[in-house]
Amino acid sequence: MRHTLVLRVQPPLRIDARALIPAVLCTLGREEVLRLALPLGRERVPAGEWFDVLSQAQDDGLPAVRLEGELARFDAIGAGMDSGSLEVHGPVGDSLGMGLSGGELRVQGPAGDLAGCAMRGGLLEVRGDVGDGAASALPGEMDGMTGGTLLVHGRAGARLADRMRRGTVLVHGDAGEFLASRMVAGTVAIGGRCGAHPGWAMRRGTLVFAGAAPPPPATFVPVHSGAEVIWQLLARDLARFGGRFEGLPARAIGRWAGDLAVQGKGEWLVPR
């Protein structure tokens, strides 16, 4: 079954919504979805307390779920999702797509903190802003994002891609302080401006400034060896996301390496 859940009543507290994923909902009938228990504080409350559910038979075999409404009090939407398609129309809470490993999760609205944290695969697209700690590590853990693609059409808060280890992050707007801090590997591309401490303690990985780039810190050094072939491959891959990334293949680059303060070997690519 394909289900559309339409919010009709705002919950009084924040709700853990990780159960609202295609792999779970598409195996259930409409009445079972209404009875599905969602954590609310120390209690578990049926989804039917908050949502109306519209259901139809699947005809293509692709598990798909749609959520609609003001969902800013619903956390962990898409958490642990590994397949299927989840589309959300409206703002969402914290930990969107936490631990996502497959499938497509698309949000027509802003998201709270820790969007895509500990993400391992799949596509997470947010057509709005994301809060602090996107594509970073879960609190108390060491590894940030390790795979997949996070695409943000708005702005990103502080600590974007902190301790990121693999995958691709693209932000069409601005990013906050400590962009790509402690980054281990992967690619982060920014279309707008960033805060005061980009690349802090960056060890490896690639940071691309498609818009206005800040001056590289003193702990990064210019690299004059040729990287034109690698740059063209990367630039063409980023160009398909449009916006300021679209014109990257036609631009030359400046390249800096660091953060040497931590013996890092990451790179900044600044198109000219």
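In this predicted model, R30 has a relative accessibility of 36% and therefore counts as partly exposed, since that class covers values between the 20% limit for buried and the 50% limit for exposed. Its partner E31, at 45% relative accessibility, counts as partly exposed too, and the side chains of R30 and E31 meet in a salt bridge with an N to O distance of 3.0 Å. Side chains of opposite charge can pair in this way when their charged atoms come close. A search of the whole structure finds 15 such salt bridges, and a few of them are worth following along the chain.

R66 takes part in a salt bridge with E68, where the closest N and O atoms are 2.6 Å apart, and also in a salt bridge with E87, where the N to O distance is 3.7 Å. Because E87 belongs to strand 8 (residues 85-89) while R66 belongs to strand 6 (residues 64-68), the pair of E87 and R66 ties together parts that are 21 residues apart in sequence. As for their surroundings, R66 is partly exposed with a relative accessible area of 29%, E87 is partly exposed with a relative accessible area of 29%, and E68 counts as partly exposed at 23% relative accessibility. Further along the chain, E104, R106, E125 and R127 are joined into one network by salt bridges that share partners.

From charged pairs we turn to the strands, beginning with strand 11. This strand, residues 146-152, is mostly covered, with 5 of its 7 residues buried. Strand 10 (residues 120-126) runs parallel to strand 11 and is joined to it by 5 bridges, and within this pairing L124 stands opposite L150 of strand 11. Strand 11 also pairs with strand 12 (residues 166-171), again in the parallel sense and over 5 bridges, with V152 standing opposite V171 of strand 12.

Strand 17, residues 266-271, is likewise mostly covered, and here 6 of its 6 residues are buried. In a regular strand the side chains alternate between the two faces of the sheet. In strand 17, G266, W268 and V270 point one way, whereas E267, L269 and P271 point the other way, and all of these residues are buried. Strand 14 (residues 206-209) runs parallel to strand 17 and is joined to it by 3 bridges, with L207 standing opposite W268. Strand 16, by contrast, runs antiparallel to strand 17 and is joined to it by 6 bridges, and the bridge partner of R255 in strand 17 is L269.

R255 also leads to the last feature, the largest pocket, which holds about 260 Å³ of space. This pocket is lined by 16 residues, of which E228, I253, G254, R255 and R272 are the closest to its centre. Helix 3 (228-239) and strand 16 (253-258) are the elements that give two or more residues to the lining, and strand 16 gives the most, with 4 residues. Sorted by class, the lining of the largest pocket comprises 7 nonpolar, 5 polar and 4 charged residues. Strand 16 thus appears twice in this account, as the antiparallel neighbour joined to strand 17 by 6 bridges and as the element that gives the most residues to the lining of the largest pocket.

Definitions and conventions: Residues numbered from 1 in each chain as written. Predicted model: local features only at pLDDT ≥ 70, side-chain atom pairs only at ≥ 80, totals over all residues. Heavy atoms only, no water. 1 Å grid on protein atoms, 1.4 Å probe; cavity = no way out; pocket = protein on both sides within 12 Å on 5 of 7 lines; lining within 4 Å. Points joined across faces, edges and corners; volume = space filled by probe spheres on them. Nonpolar A, V, L, I, M, F, W, Y, C, P; charged D, E, K, R; others polar. Salt bridge = Lys/Arg side-chain N within 4 Å of Asp/Glu carboxyl O. Buried < 20%, exposed > 50% of the residue type's maximum accessible area, 1.4 Å probe, protein only. Pairing = 2+ DSSP bridges.
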